[in-house]
Amino acid sequence: MKNISILGATGSIGTQTLDVIRNSDGKINLIGITANSSVDKIKEIIGEFEPKYVAMMDENSSKIIEEFCNKEYPNIQVFSGIDGLVKIATLEEIDTVVTSVVGMIGLKPTIAAIEAKKDIALANKETLVVAGELVMNKAKKNNVKILPVDSEHSAIFQSLSGYKNKDINKILLTASGGPFRGKTIEELKDVTVKEALKHPKWNMGQKISIDSATLMNKGLEVIEAHFLFDCDYDNIEVIVHPQSIIHSMVEYKDASVIAQLGSPDMRLPIQYALNYPERKGMIAKPVNFYELGALTFEKPDLETFKCLRFAYEAGKIGGLAPTILNGANEEAVALLLKEKIKFLQIAEIIEECMSVFKENYYDELTLDNIIELDKKVREYIRTKWELGVK
Ligand code: NDP
Ligand code: MG
């Protein structure tokens, strides 16, 4: 029996985690859940799973849920704000936290969970991007596992099992290429938010869908892979594979390549992370190789999709450079979703922030400095682009 909390239970990964729980023959027990403001979805989850603890980031929403629980589920405790998320991540009763909030808001609760010796099923890649070194060192010190949920990292993790890190030649990180694969800068000038949100293979939250369209998602994943698998950036290669059947590969020093394949269904890596090292029953459709057609591979276009290049650059600089990259990206994506900027401006904003904040690259790598710098980057962007102060 495994007792878990889900941070971000109402989102795309959160909802699919609930499905993994439904499929677990009662072996996974949902103790704590969080959301930002999706009150109706949280009520539904409470109705079905009756967790003991709930936290809503948004204060108003937490009041609504508190009233609802007082009336219908008096045994459920309700919390709010970031302290509420931390509470759910560190509950005495749980063994594992699924971190499926979106954005670097997941940083504090993830660190707190590790300090409380909880294993982490990690979907929230932004946390690892901004604080990979801190998170991995803390995990080692507290003897907790960081189990990747991101499909590529789950594939790498599976392809590494039974082998030694020193025998790796490189990590081959696959990318679907997103909805704009093959397009030129000229063709991307006037794309709409709706087109950018339409991912060809995966149905995901809005932020990661936009990241997939700019290829920043792959950039964040390169940094995620660097920290998870302690691999140099020069040994992480992105390969565009539009069919999304090979979820990533590892090339060993003898040139053997080990890959993990499967249908594009996030329940597979979620289930693997929650049951590791065991494998549980079939939750996704098996691959039908006869119906699959050709599997193809391309080099990513780093001139058109500059975000991927910026991520490599920020990762190689190290220190707080990925914090600037990530903060600028989160804020720029939020502006695009509000239709305040155009698609190609995401990369422009990130490039500008990387230059404006370059004196902060090597500030001391502490949790406080990361949070402070992230705030500064966001304020800079909001002032300039959202409020229009030039
Ligand atoms: P969604 O947008 O679908 O869900 C986000 C979740 O986080 C929701 O529960 C949401 O609550 C909550 N949330 C949003 N903002 C805040 C906030 N400010 N404070 C607290 N909680 C908040 O995202 P996804 O599930 O798509 O992605 C989650 C993470 O997993 C991301 O880091 C993403 O990169 C990663 N990931 C996702 C994949 C996917 O297939 N979706 C694949 C691989 C990785 P509410 O509903 O109330 O807004
Ligand atoms: Mg991924």
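The shell around ligand 1 comprises twelve nonpolar, ten polar and three charged residues. In this predicted model, both domain 1 (2-149) and domain 2 (153-292) contribute residues to that shell, so ligand 1 lies between them. A magnesium ion (ligand 2) is also present, with Asp150, Glu152 and Glu221 as its protein donors.

**Surroundings of ligand 1**

- Among the 25 residues around ligand 1, those that come nearest are Thr10, Ser12, Ser37, Ser38 and Glu126.
- Two helices, α1 (12-22) and α6 (125-141), each provide at least two residues of the shell around ligand 1.

**Polar contacts and cover of ligand 1**

- A backbone N or O atom of serine 37 is found 2.6 Å from an oxygen atom of ligand 1.
- For serine 12, a polar backbone atom lies 2.8 Å from an oxygen atom of ligand 1.
- For glycine 11, the distance from a polar backbone atom to an oxygen atom of ligand 1 is 3.2 Å.
- On its own, ligand 1 has 900 Å² of accessible area, and the protein covers 86% of this area.

**Magnesium site (ligand 2)**

- The magnesium ion has its protein donors at 2.1 to 2.2 Å, namely Asp150 through OD, and Glu152 and Glu221 through OE.
- Along the sequence, the spacing of these donor residues follows the pattern D-x1-E-x68-E.
- Distant parts of the chain are linked by the pair glutamate 152 and glutamate 221, which are 69 residues apart.
- Glutamate 152 belongs to helix α7 (residues 151-160), whereas glutamate 221 belongs to helix α11 (residues 216-229).
- Glutamate 152 and glutamate 221 are both buried.

**Helix α5 and the residue that follows**

- Helix α5 (residues 107-115) is mostly covered, with seven of its nine residues buried.
- The buried positions of α5 are Leu107, Pro109, Thr110, Ile111, Ala112, Ala113 and Ile114.
- Lysine 117, located just after α5, adopts a positive phi of about 65°.

**Proline 277**

- The loop between α12 (267-275) and α13 (289-292) contains proline 277.
- Proline 277 has a relative accessibility of 64% and therefore counts as exposed, the cut-off for this class being over 50%.
- Between proline 277 and lysine 166 the C-alpha to C-alpha distance is 22 Å, and the two residues are 111 residues apart in sequence.

Technical notes: Residues are numbered from 1 along each chain as its sequence is written. Chains are lettered from A and ligands numbered from 1 in the order in which they are written. This is a predicted model: local features need pLDDT of at least 70, side-chain atom pairs count only at pLDDT 80 or more; totals for chains, interfaces and linings use all residues. Side-chain values use heavy atoms; hydrogens and water are left out. A residue is near a molecule or strand if one of its heavy atoms lies within 4 Å of it. A polar contact is a pair of N or O atoms within 3.5 Å; within protein, one must be able to donate a hydrogen and the other to accept it, and residues adjacent in sequence count only if both atoms are side-chain atoms. Accessible areas come from the Shrake-Rupley method with a 1.4 Å probe; for residues, only the protein chains shown count as cover. Helices (H or I, at least four residues) and strands (E, at least two) are DSSP runs, numbered from the N terminus. Ala, Val, Leu, Ile, Met, Phe, Trp, Tyr, Cys and Pro count as nonpolar, Asp, Glu, Lys and Arg as charged, and the others, Gly among them, as polar. Domain bounds come from an automatic or database domain assignment. Buried means under 20% relative accessible area, exposed over 50%, partly exposed in between (1.4 Å probe, protein chains only). Donors are N, O and S atoms within 2.8 Å of the metal (3.2 Å for Na, K and Ca); water is not among the atoms, so sites may look incomplete.
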